[in-house]
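Colleague: I'd like to learn how to read a model like this one. Could you take me through it, one feature at a time?

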Amino acid sequence: FDAVEWDKKAAPEDIFIWGSNDPNNSEYGTVVGYTDSVDNYPVLRYPSRCTKLGIDNDKYTFYEKYSEGQIFLGSRDITANIEKIELPSTVTEIGKYAFNGGSNLGGYNFENLKEISIPDSVTTIGYYAFAACDNLKDITIPNNVTNIGGGAFRGCTGLTKITIPNNVTNIGEWAFSDCTGLTKITIPNNVTNIGSGLFYGCRGLTEVKLPDGLTEIEYDLFSGCTGLTEVKIPDSVTGIDIGAFSGCTGLTEVKIPDSVTYIGNLAFSYCTGLTKITIPNNVTYIGEDAFSNCTGLTKITIPNSVTTIEKSAFYGCTGLTGNYLRVNYPHKLSLYIAAGLPVITWKYAAIAKIVEDYNIGFTVDNLSEISSFIESLNEENYRVYLQNIVKLQKKVVSGVFTRNAFKEAVDIANRK
């Protein structure tokens, strides 16, 4: 890198605000702001003095003072016309809010930024560094980067392609959230920490590769990824956290590995395209609303290892099975009555009216309610159930209901 040659085409140092003007100070090469003159540079080349970029929001955002205090007005727009950024090979860190494009995020507004070449010298991309840069279509992260900060590319709706190098070990929460144009991404195996909400709202995402050593699917990791049709959960994962796949309406099947021990609240809620799911044998906990409103779900296998199913875990899972139960009177009901056993059934099932009218058991909205009903059941209530069943038992065994049903069917046929 020839600093002298580079600086011949660089913008003058005096249009930048520096962290320090003392060459012996560690902040001497840090750009923390810009003067109004930067408005004249649609292509902005930073001088070789620059080693780091980072915006101090408290110092460099606009406020208007009123008697009751400071009122935030938004970002400085003097950088809004910049379309291309050129950084020297002296830069090692792109700090927080460095090039964010959102007027509500503070700092400086780079909303029209279309192109940036990040030098190989950069090792860190900071918190919300490029957030809301809608016009940024493609970006290459250099091989020496090890850390991508939280919200770094959040809301970059024009971003369609991004390559994460193998040296990255940490990706902060919400780093790629709401990147609606992003269609596929591979996270290398060296990444040991993936923040929550990483792909939240990435509606265009259809393909993703997770690292093999991942131990947890963080909360809201894929929430709202409506275009995602399948995802391979690594065998190293032990937990699926809150809302991890919530609202993934395009998801049709998920294979949960045997390593998983718990499924959190809302983990697969509103996955309306999901038709079947098998809970592996090591799972002990299924959280509240975990599969709620999965209306396409017709088959689910729950192993004996599960000890806790929280309320509404399968609420709204009407599916084919639910619709079938609404109209079908299974012969098992007669067998239970004939055997003198109280009945528990879904409150929307066709047989629910019989159970409730004759008081021979109780109805529930979902499976998670059963344990609380049983715990609250006292000896007197159970005795009443048994007494009512005995009354019905004689009629069932002697065929009273069968004869009445045939008679009613004949009467209806004769009327036609």
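Modeller: Let's begin with the idea of a nonpolar core: a set of buried Ala, Val, Leu, Ile, Met, Phe, Trp, Tyr and Cys residues joined through side-chain atoms within 4.5 Å. Keep in mind that this is a predicted model.

Colleague: Which residues have the most contacts inside the largest nonpolar core?

Modeller: Tyr-34, Tyr-46, Phe-99, Phe-130, Phe-153, Phe-222 and Phe-245 do, in a core of 94 residues. Strand 1 (16-18) and strand 2 (30-34) each supply at least two residues of this core. There is also a second, separate core of 10 residues, and Val-343, Ile-351, Val-355 and Leu-392 are included in it.

Colleague: Suppose I click on Tyr-46. What is it in contact with, leaving aside neighbours within four places in sequence?

Modeller: Contact here means heavy atoms within 4.5 Å. With those sequence neighbours left aside, the partners of Tyr-46 include Trp-6, Phe-16, Val-31, Tyr-34, Leu-53, Phe-99 and Phe-110. Glu-86 and Pro-88 are among them too.

Colleague: Okay, now the whole chain. How many helices and strands does the protein chain have?

Modeller: Eight helices and 26 strands. For overall shape, look at the radius of gyration: a compact globule of 416 residues would come in near 22 Å, but this chain has 31 Å. The C-alpha trace spans about 105 × 50 × 50 Å along its principal axes.

Colleague: And what percentage of the residues count as buried?

Modeller: Of the 416 residues, 46% do. The cut-off to remember is that buried means under 20% relative accessible area. As for the outside, the accessible surface comes to about 20,600 Å², with 49% of it belonging to carbon and sulfur atoms.

Colleague: How do I read the charges? How many positive and negative side chains are there?

Modeller: Count each set, then ask where its centre lies. The protein chain has 34 positive and 46 negative side chains, and the centres of those two sets are 13 Å apart.

Colleague: Let's zoom in on a loop. Where does Ser-177 lie, and is Ser-177 buried or exposed?

Modeller: Ser-177 is in the loop between strand 14 and strand 15. Because its relative accessibility is 0%, Ser-177 counts as buried. Beyond its neighbours within four places in sequence, Ser-177 is in contact with Phe-153, Arg-154, Gly-155, Gly-197, Leu-198, Phe-199, Tyr-200 and Cys-202.

Colleague: What about Asp-178? Which sign does its phi have?

Modeller: Phi of Asp-178 is near 60°, a positive value in a residue other than glycine. Asp-178 lies in the loop between strand 14 (170-171) and strand 15 (184-186). With a relative accessible area of 26%, Asp-178 is partly exposed.

Colleague: And Tyr-128: what is its phi, and is Tyr-128 buried or exposed?

Modeller: Phi of Tyr-128 is near 55°, again positive in a residue other than glycine. Tyr-128 sits in the loop between strand 10 (124-125) and strand 11 (138-140). Its relative accessibility is 13%, so Tyr-128 counts as buried.

Colleague: One last residue, Ala-98. Where is Ala-98 found, and which residues does it contact?

Modeller: Ala-98 is found in the loop between strand 8 (93-94) and strand 9 (115-117). At 1% relative accessibility, Ala-98 counts as buried. Leaving aside neighbours within four places, Ala-98 is in contact with Tyr-34, Leu-53, Ile-55, Phe-110 and Ala-129. For a sense of distance, the C-alpha atoms of Ala-98 and Cys-317 are separated by 46 Å, with the two residues 219 apart along the chain.

Notes. Residues numbered from 1 in each chain as written. Predicted model: local features only at pLDDT ≥ 70, side-chain atom pairs only at ≥ 80, totals over all residues. Heavy atoms only, no water. Helix = DSSP H or I, 4+ residues; strand = E, 2+ residues; numbered from the N terminus. Rg over C-alpha atoms; globule rule 2.2 N^0.38 Å. Buried < 20%, exposed > 50% of the residue type's maximum accessible area, 1.4 Å probe, protein only. Areas by Shrake-Rupley, 256 points an atom, 1.4 Å probe, with all protein chains shown as cover. Lys, Arg positive; Asp, Glu negative; His and termini not counted. Charge placed at Lys NZ, Arg CZ, Asp CG, Glu CD.
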